[in-house]
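User: Could you walk me through this model, one question at a time? I would like the reasoning along with each answer.

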Amino acid sequence: MPQSDNQRLVDLAARIEQDDPHFARSMSSGRPTRPREYRRARAWWVLGSGLVLLTIGLIMPDGLLIATGLVLSGIGAQLFDPYSPQRGGRERHSAR
């Protein structure tokens, strides 16, 4: 027996509430915010600080600053991925 449309909507709302409670609360209050996949302020801050450290490390030849800048830049670039495995995102299929 197929589910009713109301039951599907309730299931969808529960899934959204579980996945991104901030987004679900903002939708119910009538002032929607961006979903988690599109909030990138933290990624920009990490990427920017990594690039600043990398630049300082290149100006003042310091291997530790260069390495730290490269690592932070890599972490910041990884934060731009909306479907990371930690958040239970979509499965990726690699081209073989």
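User: Happy to start with a single residue: in which helix does Trp45 lie?

Analyst: A word on the ground rules before the answer: this is a predicted model, where local features need pLDDT of at least 70, side-chain atom pairs count only at pLDDT 80 or more, and totals for chains, interfaces and linings use all residues. Residues are numbered from 1 along each chain as its sequence is written, and side-chain values use heavy atoms, with hydrogens and water left out. Helices are DSSP runs (H or I, at least four residues; strands are E, at least two), numbered from the N terminus. On that numbering, Trp45 lies in helix 3.

User: Is Trp45 buried or exposed?

Analyst: Buried means under 20% relative accessible area, exposed over 50%, and partly exposed in between, using a 1.4 Å probe and protein chains only. Trp45 has a relative accessible area of 68%, so Trp45 is exposed.

User: And what is the overall secondary structure of the chain?

Analyst: From the N terminus on, the elements run α-α-α-α. Buried residues make up 16% of the 96 residues in the chain. The secondary structure comes to four helices and zero strands.

User: How are helix 3 and helix 4 oriented to each other?

Analyst: Axes are lines fitted to C-alpha atoms, for helices over the stretch in contact, and angles run from 0 to 180 degrees between N-to-C directions. The axes of helix 3 (residues 41-59) and helix 4 (residues 63-78) come within 7 Å and cross at roughly 160 degrees. Angles under 35 degrees count as roughly parallel, over 145 as roughly antiparallel, 65 to 115 as roughly perpendicular and the rest as oblique. Helix 3 and helix 4 are therefore roughly antiparallel.

User: How do the residues of the contact of helix 3 with helix 4 divide?

Analyst: Contact means heavy atoms within 4.5 Å. The residues that make this contact include Leu47, Gly50 and Leu51 of helix 3 and Ser73 of helix 4. Ala, Val, Leu, Ile, Met, Phe, Trp, Tyr, Cys and Pro count as nonpolar, Asp, Glu, Lys and Arg as charged, and the others, Gly among them, as polar. The division is 14 nonpolar, seven polar and no charged.

User: Which residues does Ser73 touch, not counting residues up to four places away in sequence?

Analyst: Ser73 is found in helix 4. With a relative accessible area of 11%, Ser73 is buried. Leaving out residues up to four places away in sequence, Ser73 touches Leu47, Gly50 and Leu51.

User: The structure holds one aromatic pair; what is the geometry of the rings of Trp44 and Phe80?

Analyst: Rings of Phe, Tyr and Trp (its six-membered ring) pair if their centres lie within 6.5 Å; planes under 30 degrees apart count as stacked, over 60 as edge-to-face and the rest as tilted. Here the centres are 5.0 Å apart and the planes stand at 80 degrees, so the pair of Trp44 and Phe80 is edge-to-face.

User: How many residues apart are Trp44 and Phe80?

Analyst: Trp44 is in helix 3, and counts as exposed at 56% relative accessibility. Phe80 sits in the segment after helix 4. The pair thus links distant parts of the chain, and its members are 36 residues apart.

User: Last one: how does helix 1 lie relative to helix 2?

Analyst: Helix 1 (residues 5-19) and helix 2 (residues 21-29) pack with their axes 5 Å apart, at an angle of about 125 degrees. Among the residues making the contact are Ile16 of helix 1 and Phe23 of helix 2. The angle makes helix 1 oblique to helix 2.
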